[in-house]
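I am opening a notebook on a structure that is new to me. I want to look up its core, its salt bridges, its cysteines and a few single residues, one entry at a time.

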Amino acid sequence: MYTIHSSSGGNPAYEEKFNSLIQSVFGFSFAPWIQRGLWGDTYESYSIIEGGVMLANASVCKMELLVQGRPINAIQLGAIATRESARGKGLSRLLVKHVLAKYSGTPAFLAANPSVANFYQQFGFRQLQVHWPSAKVEINNNPAAAIECNFHDSEVAAALQSRGAFSNILDCRGTQAIQLFHLLMEYSQDIYYLPKLDAFAIAQQEGDRLFLADVIAKKPVAFQSLVNELPFAGVKAIDFGFCPDWLGLQPTWAPQDMGRELFFVKDDWNLPQQFRFPVLSET
């Protein structure tokens, strides 16, 4: 019989064990995020610990989804990991079962590697086809006044808190801690403040395509106004990391490559046929 431990941050000894497991399995560290006090009560870890070592973990991120404008309280599973030396004992199965029992009746979802698809189906999760939105544009040396920012600028966190523009297809609220994790770990050099729009754009250019991970604004922004303020050149298309309908845009939707990442949901939320879950809120 295994004892299940849990934490929602604020426990340095637990956090050290958690981070050691994540480094062992996934090869990266949560330490920069934890050290900034960003692990709060919306992110819960459930684990098996023996001899002072965390053997397995399953985390829960609590959030409010907006599904076609309708608010739904839901949980997202993530950081499901087992040390190589402890595999084959059913530890991940025990933890996921525990989490789903605790949140029985609460819609749950997760993104996962295709190699573990069968694992989640045994708990009643079903796989959905995700679509990626994109749009053709022409951006050539905009005379924009965009200001490059970084994660440490207090205005970035404040903008996330005061966000007022959301998709009517699929969006979420209450995920600031996870959004800050991505900004810190993946996009720290890709944050731009657009003063004319009073909005932040999180964007990376590769060749003639721009990946727009997010736009953080207090009110809806017209797509062409946004394009005119993006500080890039030689861009012929934008790929969105979110549903861009609130920009007044009807994008082109393309099915996501099912060989890269799968999206699983439990229960029926009346999701639209074409959607993209916001990448900055994905665990």
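The entries below record what I looked up, with the terms explained as they come.

**Ground rules.** I note that this is a predicted model, in which local features need pLDDT of at least 70 and side-chain atom pairs count only at pLDDT 80 or more, while totals for chains, interfaces and linings use all residues. Residues are numbered from 1 along each chain as its sequence is written, and side-chain values use heavy atoms, with hydrogens and water left out.

**The cores.** I began with the nonpolar cores, each a set of buried Ala, Val, Leu, Ile, Met, Phe, Trp, Tyr and Cys residues joined through side-chain atoms within 4.5 Å. Here buried means under 20% relative accessible area, exposed means over 50%, and partly exposed lies in between, with a 1.4 Å probe and protein chains only. The largest core has 54 residues, and F18, W33, Y43, L65, F109, L183 and F275 are those with the most contacts inside it. Its largest share, 6 residues, is supplied by helix α6, residues 176-185. Apart from this core lies another, of 27 residues, with L197, L210, A217 and L247 among them. As background, I recall that nonpolar side chains tend to be buried together in soluble globular proteins.

**Helix α6.** I took helices and strands as DSSP runs numbered from the N terminus, the helices being H or I with at least four residues and the strands E with at least two. Because 9 of its 10 residues are buried, α6 is largely enclosed by the rest of the structure. The buried residues include Q176, Q179 and H182, alongside I178, L180 and F181.

**F275 and H131.** I then listed contacts, meaning heavy atoms within 4.5 Å. Not counting residues up to four places away in sequence, F275 touches L128, Q129, V130, H131, I169, L170, C243, W253 and F263. H131 belongs to strand β7, residues 131-139, and is buried at 10% relative accessibility. With neighbours within four places in sequence left aside, the contacts of H131 include W253, P255, Q273 and F275.

**S59 and A79.** S59 sits in strand β3, residues 53-67, and is buried, with a relative accessible area of 1%. Beyond the neighbours within four places in sequence, S59 is in contact with residues including F18, Y43, E44 and A79. A79 is part of strand β4, residues 70-82, and is buried too, with a relative accessible area of 17%. What caught my eye is that phi of A79 is near 50°, a positive value in a residue other than glycine. Most residues other than glycine have a negative phi. N270, in the segment after β15 (262-266), also has a positive phi, near 60°, and counts as exposed at 52% relative accessibility.

**Salt bridges.** I counted a salt bridge wherever a side-chain nitrogen of Lys or Arg comes within 4 Å of a carboxyl oxygen of Asp or Glu, and the count comes to 6. K62 and E44 meet in one of them at 3.1 Å, N to O; since K62 lies in strand β3 and E44 in strand β2 (residues 43-50), the pair ties together parts that are 18 residues apart in sequence. E44 is buried, with a relative accessible area of 10%, whereas K62 is partly exposed at 29%. R173 pairs with E64, their closest N and O atoms being 2.6 Å apart, and because R173 lies in strand β9 (residues 170-173) and E64 in strand β3, this bridge ties together parts 109 residues apart in sequence. R209 forms another with D239, at 2.7 Å between the closest N and O atoms; the pair links strand β12 (residues 209-217) to strand β13 (residues 235-240), 30 residues apart. I also noted that salt bridges sharing partners join E44, K62 and K102 into one network.

**Cysteines.** How many disulfides does the structure hold? I found 0, taking a disulfide as a pair of cysteine sulfur atoms within 2.5 Å. The sulfur of C243 is 10 Å from the closest cysteine sulfur, in C172, which is too far for a bond. C243 is buried, with a relative accessible area of 1%, and C149 is buried at 14%.
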